[in-house]
Amino acid sequence: TPFYRSASVALAPMRAGGGTSIKVLEAFAHGVPTVATREGARGLGAIDGVHLLLGDSVEDVAEHCARLVEQPDLAGRLVASAYELLLARYSTDRVSPIIRAVVQDHAWA
């Protein structure tokens, strides 16, 4: 949390991986504008230019970081949209019933 408080931009420059990109969701939750590779944001439902900025080259990532620092209005719009996405898809109210159903469907004893 202290690092997110002092961050101007969060980066998720993953080139490979699996599962959900928790790093991006953490940045969304902390209200930090985010730049990611397509792999880094895969599966989140985040849209380039709406929730975050996507770039797969070093040059694109650097350019997007500079844009977010230079354009606070853009950064603010991305943060607001990203937080809405986070609440809509990953809030406790949304996720808890899904987890409960999975647990109830399996014999865990």
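Begin by selecting His-51, which lies in the loop between strands β2 and β3. Helices (H or I, at least four residues) and strands (E, at least two) are DSSP runs, numbered from the N terminus. This is a predicted model, in which local features need pLDDT of at least 70 and side-chain atom pairs count only at pLDDT 80 or more, while totals for chains, interfaces and linings use all residues. Residues are numbered from 1 along each chain as its sequence is written, and side-chain values use heavy atoms, with hydrogens and water left out.

**First stop: His-51**

Is His-51 buried or exposed? His-51 counts as buried because its relative accessibility is 10%; buried means under 20% relative accessible area, exposed over 50%, and partly exposed in between (1.4 Å probe, protein chains only). Next, display the contacts of His-51, where contact means heavy atoms within 4.5 Å. Leaving aside neighbours within four places in sequence, His-51 is in contact with Phe-28, Gly-45, Ala-46, Leu-78, Ser-81, Ala-82 and Leu-85. Then add Arg-77 to the selection: His-51 and Arg-77 are 26 residues apart in sequence, and their C-alpha atoms are 8.0 Å apart in space.

**Second stop: the nonpolar cores**

From His-51, move to Ala-46. Not counting residues up to four places away in sequence, Ala-46 touches Phe-28, His-51, Leu-52 and Leu-85. Ala-46 also belongs to the largest nonpolar core, which has 13 residues; those with the most contacts inside this core are Val-24, Phe-28, Ala-36, Ala-46 and Leu-52. Helices α2 (22-29) and α4 (72-90) each supply at least two residues of this core. Apart from this core lies another, of 9 residues, among them Val-35, Leu-53, Leu-68 and Ala-75. A nonpolar core is a set of buried Ala, Val, Leu, Ile, Met, Phe, Trp, Tyr and Cys residues joined through side-chain atoms within 4.5 Å.

**Third stop: the sheet**

Now select the strands. In what order do the 3 strands stand in the open sheet? The order is β1-β2-β3, and the pairing is parallel; two strands pair if DSSP finds at least two bridges between them. Strands β1 (10-12) and β3 (53-54) stand at the edges, each with a single partner strand, so one side of each is left without a neighbour in the sheet. Between β1 and β2 (residues 34-36), the parallel pairing runs over 3 bridges. To see one place in this pairing, select Ala-10, which stands opposite Thr-34 in β2.

**Fourth stop: Ala-41**

Return to the loop between β2 and β3, where Ala-41 is found. Ala-41 is buried because its relative accessible area is 8%. Not counting residues up to four places away in sequence, Ala-41 touches Ala-36, Leu-52 and Leu-54. Add Ala-12 as well: the C-alpha atoms of Ala-41 and Ala-12 are separated by 7.7 Å, although the two residues are 29 residues apart along the chain.

**Fifth stop: two helices**

Select helix α3 (residues 58-70), which contains His-64. With a relative accessibility of 10%, His-64 counts as buried. Beyond residues up to four places away in sequence, His-64 touches Val-35, Leu-53, Leu-54 and Gly-55. Continue to helix α5 (residues 92-104), where Thr-92 has its place. Is Thr-92 buried or exposed? Thr-92 is exposed, because its relative accessible area is 60%. Adding Val-79 gives a pair 13 residues apart in sequence, with C-alpha atoms 20 Å apart in space.

**Last stop: the whole chain**

Finally, show the whole chain, which has 5 helices and 3 strands. From the N terminus on, its elements run α-β-α-β-β-α-α-α. Along the principal axes, the C-alpha atoms fill a box of roughly 55 × 25 × 25 Å. Of the 109 residues in the chain, 32% are buried. Among contacts between residues at least 6 apart in sequence, 54% join residues at least 24 apart.
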